[in-house]
2 protein chains.
Amino acid sequence: MADTDTKERILDAAERLFAAHGFAGTSLRAVTREAGVNLAAVHYHFGTKEDLLRAVLGRIVIPINRERLAMLEQVEAEAGSDPPSLEAILEAFIAPDLRLIRDLGERGVIITRFLGRSYTEPAEMVQALSREHYEELGQRFMEAIARALPEVPRTELYWRFKLVVGVLTYILADTDPTGAYGEDLSDVDGTLRRLVAFLAAGLRAPMPEAQRRDQPEEGASS
Amino acid sequence: MADTDTKERILDAAERLFAAHGFAGTSLRAVTREAGVNLAAVHYHFGTKEDLLRAVLGRIVIPINRERLAMLEQVEAEAGSDPPSLEAILEAFIAPDLRLIRDLGERGVIITRFLGRSYTEPAEMVQALSREHYEELGQRFMEAIARALPEVPRTELYWRFKLVVGVLTYILADTDPTGAYGEDLSDVDGTLRRLVAFLAAGLRAPMPEAQRRDQPEEGASS
DNA sequence: GTATGATTATATCAGTCGTTTGATTAAAGG
DNA sequence: CCTTTAATCAAACGACTGATATAATCATAC
């Protein structure tokens with residue numbers, strides 16, 4: 001059995017099972033059973049269970065983020081010396097994930113679910129890994145958005161960008177092949193447009209009135 | 001040892017550990033160790049590990065949802081025959097969770113984290129339970145929002161409401177006592193206002209242009 | 001005091017877990 | 001061909017898991 005085959009089979013199986021059951025809920029025996037390989041192969045090829053997860057996450061996230069960054073750079077290049085449009089930036093941020101579904105079919109669904117869940121995955125190391133992959137990129141996108149929305153205070157934008165991440169995370173975690181995405185793959189683009197519309201509006205929202213700390217709690221505010 | 005004490009201790013410990021490590025990553029021995037009780041007490045008082053989780057989730061969610069519903073009803077009563085404002089509805093939806101942090105301090109943080117994570121928790125039964133608690137209530141809020149936004153198509157609202165849930169889920173899952181929420185509890189109200197502003201704008205966003213399926217992919221759309 | 005039910009404590013069961021080990025096999029290189 | 005390296009295999013280790021059984025203790029009522 002060729003080594004690239006064994007490793008790939010382990011990675012594929014682990015990807016599926018980690019996405020479905022999380023890190024703690026997935027045993028190495030389940031992985032090796034599904035991959036049809038020997039238990040010790042995991043340790044031979046990857047080391048610890050954590051190392052396996054690192055490998056799974058890395059092979060997913062690195063190409064996606066490369067694509068994400070490339071899209072952003074293209075958007076910026078097309079805008080020239082002007083700031084790029086907010087919608088285009090958001091599209092660059094979101095599209096690579098959603099297009100996984102269209103391009104990879106069922107594996108795309110597995111991956112998006114895995115990505116979406118990794119952010120709130122109970123095992124701390126999963127979260128830490130996930131954030132590590134996104135930190136620099138997030139900063140990059142934050143700055144592009146700040147240029148597109150100079151009138152929104154920076155701290156507010158930082159916070160709102162987290163909400164953008166939250167929405168994307170949630171959508172990814174909730175993908176379901178029997179739902180809208182699975183039925184009609186061209187709907188991915190429609191979904192993208194609607195997502196971008198929602199998020200762009202939220203990012204552009206005027207700041208709410210400053211709170212007044214010395215007043216008792218109020219009911220309705222028009 | 002009085003039975004209400006033992007049960008409470010188990011529930012408290014389980015709440016903390018499930019929130020931190022998830023269902024699969026938390027063993028009953030860890031729970032009983034932390035609670036300072038005997039292993040058999042779990043089965044005696046609660047039955048299976050799943051039943052314990054049910055009990056933990058139920059004692060958290062039921063009062064919060066009661067409060068959520070009460071706030072919505074108050075908002076509707078104040079609006080009379082008019083539709084209530086979107087902002088007020090969103091506030092009724094979100095405030096009970098956020099106020100946990102202010103009102104319960106560290107336990108509030110634990111609970112919000114638990115709630116936020118339960119939606120994407122890898123163990124399927126956690127998710128199923130979580131959704132079960134929110135299904136009817138979600139429907140109730142959806143209808144209130146639809147009355148506040150009659151110009152947005154119903155199917156689009158349904159979908160956008162899921163994004164609202166996603167944002168809230170993410171914020172809850174990401175609570176960190178060392179962050180903004182923990183430092184200044186009065187900031188919970190500011191957070192609520194900013195959240196509502198973001199989400200209200202997104203919900204009110206005009207529909208994006210319908211997609212054209214027969215056209216090649218476009219770049220920027222102004 | 002006794003009787004009864006509730007509760008706790010301990011031991012055990014059967015199984016699972018990640019990791020390691022030494023043996024064996026397969027492939028590559030000289 | 002032999003030697004070396006890479007890869008695979010099966011067994012074992014020590015630890016842990018949820019659940020159960022049983023006996024002891026506690027609490028309450030009569």
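Which residues does B:M71 touch, not counting residues up to four places away in sequence? In this predicted model, B:M71 touches B:A92, B:A95 and B:P96, once residues up to four places away in sequence are set aside. B:M71 itself has its place in helix 4 of chain B, which covers residues 49-79. Around B:M71 there are 18 other C-beta atoms within 10 Å, and because a residue counts as buried only from 20 such atoms and as exposed at 12 or fewer, B:M71 is described as partly exposed. For a sense of distance within the chain, B:M71 and B:M207 are separated by 136 residues in sequence, and their C-alpha atoms lie 29 Å apart in space.

Helix 4 can also be followed in chain A, where its partner is helix 7. The axes of helix 4 (residues 49-79) and helix 7 (residues 124-148) of chain A come within 10 Å and cross at roughly 5°. Since angles under 35 degrees count as roughly parallel, helix 4 of chain A and helix 7 of chain A are therefore roughly parallel to each other. On the side of helix 4 of chain A, the residues that take part include A:L53, A:L57, A:V61 and A:R68, while those in helix 7 of chain A include A:L129, A:H133, A:L137 and A:F141. Sorted by character, the residues of this contact between helix 4 and helix 7 of chain A divide into eleven nonpolar, three polar and five charged.

From the inside of a chain we can turn to the place where the two chains meet. The contact takes 41 residues from chain B and 41 residues from chain A. On the side of chain B that touches chain A, at least two residues each are supplied by helix 5 (86-104), helix 6 (106-118), helix 8 (154-173) and helix 10 (187-204) of chain B. Helix 10 of chain B gives the most to this side, with ten residues. Taken by character, the residues of the side of chain B that touches chain A comprise 17 nonpolar, 15 polar and nine charged.

How, then, are the two chains arranged? A rotation of 180°, with 0.1 Å of shift along its axis, superposes chain B on chain A with an RMSD of 0.1 Å. The two copies are thus related as by a two-fold rotation axis. Among the residues of chain B, B:G202 comes closest to the rotation axis, its C-alpha lying at 2.3 Å. The interface fits this picture of two copies: 100% of the interface residues of chain B are also interface residues in chain A, so the copies meet through the same surface.

Notes: Residues numbered from 1 in each chain as written. Chains lettered and ligands numbered in written order. Predicted model: local features only at pLDDT ≥ 70, side-chain atom pairs only at ≥ 80, totals over all residues. Contact = placed C-beta atoms within 7 Å. Helix = DSSP H or I, 4+ residues; strand = E, 2+ residues; numbered from the N terminus. Nonpolar A, V, L, I, M, F, W, Y, C, P; charged D, E, K, R; others polar. Least-squares fit on C-alpha atoms with pLDDT ≥ 70 in both. Axes fitted to C-alpha atoms, helices over the stretch in contact; angles between N-to-C directions. Parallel < 35°, antiparallel > 145°, perpendicular 65-115°, else oblique.
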